Each structure stands twice: as C-alpha cells, then as structure tokens.
Amino acid sequence: MRDFSVALQDRIDTIIQNWIEAVRCDDQLETAKELTYNGVRDSVPIVLQAIVTMLSQSQESDIRTLVEKSLEHGTLRAKQGYDAEEIAREYRLLRWVIFEALEPELLKASATEVSRAYRLIDTALDEVIAKCFQTFTQERFQELKDLQNQLQLTNQELTRLVRANQENLSHLAHELKTPLTSIIGYSDLFLRQQQNYSEIKGSVPNIGHIDRVLNSGRLLLRLINDTLEISRYEAGQIKLQLTAISLREVLNNVVEIIEPLAKAKNLEIAVDCDMSDDQVVTDCLRLQQIITNLTSNAIRYTPAGTVTIKSEILPKKYWKVTVSDTGMGIDPEDCERIFQPYFRADNSLSSRIPDSTGLGLAIVTRLVNLLQGKIELVSQLGVGSSFTVIFPFELDGF
C-alpha cells in the first residue's frame with residue numbers, strides 16, 4: 001500500500017504558501033485581507049502535520065491534535081471577525097490545494113490507494129471544520145451574551161434620561177423597531193433550534209442567525225448611545241472640561257482612530273494644519289468627538305477619493321476646522337434638515353449605508369453650540385461635502 005504521508009510532509013510549506021496566496025486572491029474572503037501572514041496561517045501547519053500522521057501506515061491516527069487545534073482555530077476566527085461562509089471557503093481552498101499538491105503521486109497510485117488517501121484527508125478536514133464551527137458558534141454566542149448585558153445596562157440609563165427628552169421618544173421608538181424586531185426574531189429562532197438539539201451544531205445557517213443578531217444588536221446599542229448623548233445635552237448634563245490643547249495633536253489622534261475605516265475603503269486621508277505651534281482653549285474630548293464624527297461620516301459616504309481635514313486661524317480671535325470629502329454630496333433641500341435628529345438624506349446612495357443612525361450630525365451640532373461655535377455646510381451632489389466648525393479662542397463665561 002502506497003504511503004502518501006511522506007509526499008504530504010515534503011510539501012507542507014508549499015501547501016501553506018499556495019493556500020495563503022489563494023486566500024489572499026479570493027474576493028469573497030475580505031476579512032483575511034486585513035490580517036497578517038501569521039494571522040491567516042494560524043494552526044494550519046499543525047493540522048497538516050496531523051493529516052500526515054493519519055496518512056502514515058506506521059503511526060497511530062492523530063485525531064486528538066486535529067480536534068484541539070480546530071477548537072482553537074474556530075475561536076480565533078470568531079475574534080478576527082470572520083463569518084461562517086468565509087471559514088467554510090477557507091477550508092474548501094485548503095482541500096483543493098492539498099489534493100493539487102499530491103496529484104503527481106495520486107496519478108501513480110492504484111484506485112484503492114487513491115480512495116484511501118481521499119477518505120482519510122476528507123475525514124480529517126471534515127472533523128476540523130465541524131469542531132471549528134462549534135467553537136466559532138460558542139464564541140459568537142458569548143459575544144451575544146456580552147452584548148445583551150451592555151444593552152441592559154444602557155437601557156437602564158436610557159429609561160432614566162428619556163423622561164427629560166419626551167420630544168424624541170416617538171422617533172426613538174420608530175428607529176428601534178426594525179433592529180429590535182430582528183433581534184427578537186432571530187433570537188427566538190436560535191433558542192428553538194437549541195431546544196431541539198442536545199448540543200450546539202456548527203452549521204452555517206445557525207451561525208448566520210447569530211451574526212444577524214449581533215449586527216442588529218450593535219446597531220441598536222449605537223442608536224441608544226447616540227440618543228443618550230443628545231438627551232444629556234438637552235438635560236444640561238454635559239459639563240465642559242476646558243484646557244489649553246494643541247490642535248495638531250487632536251487631529252493626529254482623530255486620524256489614528258479613523259484610519260482603519262479609510263483603509264478598508266481605500267480612501268486617502270489628508271491633514272492640513274497651519275496651527276502647529278498655536279494652542280486653543282477648549283474641551284479636548286468634545287472637540288475630538290466633533291471632528292471624529294464629521295470625519296467618519298465623510299468616510300462612510302465617500303465611495304472613492306480623499307477625505308481632507310484642514311485647520312486655519314481666522315481674524316478676530318477665531319479658528320476653524322474643515323472636513324471635506326469627494327463623496328456623494330447632499331441635496332440642497334436637505335442641507336438644513338440634515339442636522340436634525342434621525343434625518344437621513346433620501347437618495348439611493350445614502351440608503352445603502354447600513355450603519356447610519358441619523359444622529360451623528362445632530363450630536364455634532366449640539367456639541368459645537370456647547371463650545372460656543374457654529375457649523376457651516378457646503379455640498380454639491382456627486383462632487384462632495386465640506387463641513388466647517390468655527391470656534392472662538394476664548395469662551396464666554398469661563
């Protein structure tokens with residue numbers, strides 16, 4: 001009986017290299033493109049070594065190693081942000097690369113030998129995928145529980161503050177309806193499935209349901225947190241902490257925070273600051289929140305091009321920051337209403353932005369007022385938008 005373990009052992013490095021290259025080139029494996037070489041590679045060499053042991057006629061099967069490493073692999077992929085389809089696709093590519101590497105030896109072997117090799121390799125990879133999905137599901141389920149705890153704590157705060165903001169209550173209920181319905185529906189489906197099975201099944205549909213619950217939950221949590229921020233402002237609960245700060249340092253912090261979002265869309269971020277040595281007196285946290293919101297908004301609504309952050313000193317002891325983009329632009333009729341809570345520009349492009357709550361600019365407007373500034377907007381459909389915030393060097397009453 002031909003022993004394929006030697007051939008597989010000799011080609012492990014080649015298989016890993018070819019597999020990683022195939023993963024990088026696959027357009028449907030977007031998460032992998034954001035990982036380092038070692039992040040993609042992970043425990044694949046150990047899995048291949050275990051398959052070598054299984055193929056060997058002189059050594060005992062190494063199923064235990066496969067199980068242990070696939071459990072670790074599933075947890076890691078969940079933390080890296082993979083979805084179930086991406087994991088399944090990775091393993092399909094690995095199966096294809098393994099058999100491609102062994103093809104010269106398989107062509108020389110008998111039908112019985114080829115059948116044995118296929119059976120053992122398929123068994124090993126099926127076991128790896130099953131266990132990987134099991135821990136992937138468990139990690140997603142734990143994340144769901146953590147999110148539920150966050151929602152409960154945030155809801156307590158919301159209940160306390162919403163009494164001071166009755167004007168927005170009906171709007172809030174409307175905006176919460178869609179994600180909340182999704183959470184309830186998929187949670188109920190998942191719980192009923194678990195009642196029908198004695199253990200967690202690592203199936204792609206089940207994991208997909210959990211992913212939908214988590215995504216809807218994250219949107220709900222962000223919507224609630226944004227509403228709380230507006231409620232605190234309306235209730236007069238935001239207290240300023242004024243200090244002399246370097247504006248260039250604030251802009252650098254903002255770029256560091258939002259740069260991953262820009263890279264994910266291949267957008268360029270340009271910073272133009274002519275106030276490198278000048279200090280301004282303001283609330284550093286709130287100023288950074290304003291610029292971060294404006295910049296992340298620019299990235300969200302810009303399919304391609306550049307987002308620019310520019311600061312300037314103005315006459316009569318004023319200074320300004322302008323965030324410009326080359327995005328979809330805003331209809332002139334919407335330029336005034338866009339600063340209102342829950343308003344989103346009604347066009348086909350903006351409706352495709354799934355994670356917008358319609359509260360970002362409303363929060364920015366209130367924080368700008370709190371810092372005794374003003375906000376200006378210049379926009380043209382299909383060309384882009386520029387948001388400018390203007391502040392005094394000294395705030396009255398402080």
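# Briefing: salt bridges, cores and helix packing

Asp122 and Arg95 form a salt bridge, with the closest N and O atoms 2.5 Å apart. Asp122 sits in helix H7 and Arg95 in helix H6, so this pair ties together parts that are 27 residues apart in sequence. The model is predicted. Its largest nonpolar core has 47 residues. Another core, of 45 residues, lies apart from it.

**Salt bridges**

- The count comes to 9 salt bridges.
- Side chains of opposite charge can pair when their charged atoms come close.
- Asp122 is partly exposed, at 24% relative accessible area.
- Its partner Arg95 is also partly exposed, at 22% relative accessibility. The cut-off for buried is under 20%, so neither 24% nor 22% qualifies.
- Arg95, Asp122 and Asp126 belong to one network, joined by salt bridges that share partners.
- Glu90 pairs with Arg77, and their closest N and O atoms are 3.2 Å apart.
- Glu90 lies in helix H6 and Arg77 in helix H5 (residues 63–80). The two are 13 residues apart, and the pair links distant parts of the chain.
- Both Glu90 and Arg77 are buried.
- Asp334 and Arg337 meet through their side chains in a salt bridge of 2.7 Å, N to O.
- Asp334 counts as buried, at 8% relative accessibility. Arg337 is partly exposed, at 37% relative accessible area.

**The largest nonpolar core**

- Trp19, Ile51, Leu94 and Ile98 have the most contacts inside this core of 47 residues.
- Five helices each supply at least two of its residues: H1 (5–10), H2 (12–25), H4 (44–55), H6 (84–108) and H7 (111–162).
- H6 gives the largest share, 12 residues.
- Trp19 touches Val40, Arg41, Val44, Arg77, Glu90, Leu93, Leu94 and Val97, leaving out residues up to four places away in sequence. Two of these contacts, Arg77 and Glu90, are the partners of a salt bridge.
- The separate core of 45 residues includes Val250, Trp319, Leu359 and Leu371.
- In soluble globular proteins, nonpolar side chains tend to be buried together.

**H2 against H6**

- Two packed helices are described by the angle between their axes and the distance between the axes.
- For H2 and H6 the angle is about 140°, and the axes are 9 Å apart.
- The two helices are therefore oblique to each other.
- H2 passes H6 in a right-handed crossing.
- On the H2 side, the contact uses Ile15, Asn18, Trp19, Ala22 and Val23.
- On the H6 side, Glu90, Leu93, Leu94, Val97, Ile98 and Ala101 take part.

**Phe99 in H6**

- Phe99 is found in helix H6. At 12% relative accessibility, Phe99 counts as buried.
- Leaving out residues up to four places away in sequence, Phe99 touches Leu106, Tyr118, Ile121 and Asp122. Asp122 is the salt-bridge partner of Arg95.
- Phe99 and Tyr118 are 19 residues apart in sequence. In space they are 8.4 Å apart, C-alpha to C-alpha.

**H10 against H11**

- Helix H10 (residues 247–264) packs with H11 at an angle of about 35°, with the axes 9 Å apart.
- This crossing is right-handed.
- H10 brings Leu247, Val250, Leu251, Asn253, Val254, Ile257, Ile258, Leu261 and Ala262 to the contact.
- H11 meets these with Cys284, Leu287, Gln288, Ile291, Thr292, Thr295, Ser296 and Ile299.
- Gln288 has its place in helix H11 (residues 284–300). Gln288 is buried, with a relative accessible area of 18%.
- Setting aside neighbours within four places in sequence, Gln288 is in contact with Val250, Asn253, Val254 and Ile257. Val250 is also among the residues of the core of 45.

**Helix H12**

- H12 (residues 360–370) is mostly covered, with 8 of its 11 residues buried.
- The buried residues are Leu361, Ala362, Ile363, Val364, Thr365, Arg366, Leu367 and Val368.
- Gln372, just after H12, takes a positive phi of about 60°.

Key:
Residues numbered from 1 in each chain as written. Predicted model: local features only at pLDDT ≥ 70, side-chain atom pairs only at ≥ 80, totals over all residues. Heavy atoms only, no water. Core = buried A, V, L, I, M, F, W, Y, C linked by side-chain atoms within 4.5 Å. Buried < 20%, exposed > 50% of the residue type's maximum accessible area, 1.4 Å probe, protein only. Helix = DSSP H or I, 4+ residues; strand = E, 2+ residues; numbered from the N terminus. Contact = heavy atoms within 4.5 Å. Salt bridge = Lys/Arg side-chain N within 4 Å of Asp/Glu carboxyl O. Axes fitted to C-alpha atoms, helices over the stretch in contact; angles between N-to-C directions. Parallel < 35°, antiparallel > 145°, perpendicular 65-115°, else oblique. Left-handed = near helix turned anticlockwise from the far one by under 90°.
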